[in-house]
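Reader: I would like to learn how to read a model like this one. Please show it to me, and I will ask as we go.

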Amino acid sequence: MPKTRTCTKCKRTKPISRFIRRKNPWKTKTKYFHDWCLNCHAESAVAWRKANPERFKAYQNEYHRKKYHEDIEASRAKGRAKYWKNPEKYRAKQRQRRARKKLAAAAT
Ligand SMILES: [Zn+2]
């Protein structure tokens, strides 16, 4: 196994740990790692997010919804724990949300 790999995007040679390992290497046989380094992957993910904010939001919602329903009790417990760690912060957020709703209702 080579110790370094050259990213095909930024053309930099980086240690193999900076590349994502493929989940199914036997499918491509020669490529055990992705062609892009982690940095380029992250950059392209950010670019995609900026280009497709709606799709990203939908994707994220779907992901969280799925996660939540996978183990509802655990999710609820987690949410509660988070809330009690800093209840004031959540109350402030809720106030903000309510105020925004009021504004939106007044505008229509
Ligand atoms: Zn790169």
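Reader: How many helices and strands does the secondary structure of the protein come to?

Author: This is a predicted model, in which local features need pLDDT of at least 70 and side-chain atom pairs count only at pLDDT 80 or more, while totals for chains, interfaces and linings use all residues. Residues are numbered from 1 along each chain as its sequence is written. Helices (H or I, at least four residues) and strands (E, at least two) are DSSP runs, numbered from the N terminus. Here the protein has five helices and four strands, and along the sequence they follow β-β-β-α-β-α-α-α-α.

Reader: What is the radius of gyration of the protein, and what does the globule rule give?

Author: The radius is taken over C-alpha atoms, and the rule is 2.2 Å times the number of residues to the power 0.38. The protein has 21 Å, well over the 13 Å given for 108 residues, so it is more spread out than a compact globule. The C-alpha trace spans about 60 × 35 × 25 Å along its principal axes.

Reader: How many of the 18 residues of H3 are buried?

Author: A residue is buried if 20 or more other C-beta atoms, placed from the backbone, lie within 10 Å of its own, exposed if 12 or fewer, and partly exposed in between. For H3 the number buried is zero, so this helix lies largely in the open. Of the 14 residues of H4, the number buried is also zero. In the protein, buried residues make up 3% of the 108 residues.

Reader: What is notable about phi of Lys 11?

Author: Most residues other than glycine have a negative phi. Lys 11 has a positive value, near 65°. Lys 11 sits in the loop between strand S1 (4-6) and strand S2 (13-15), and is exposed, with 7 other C-beta atoms within 10 Å.
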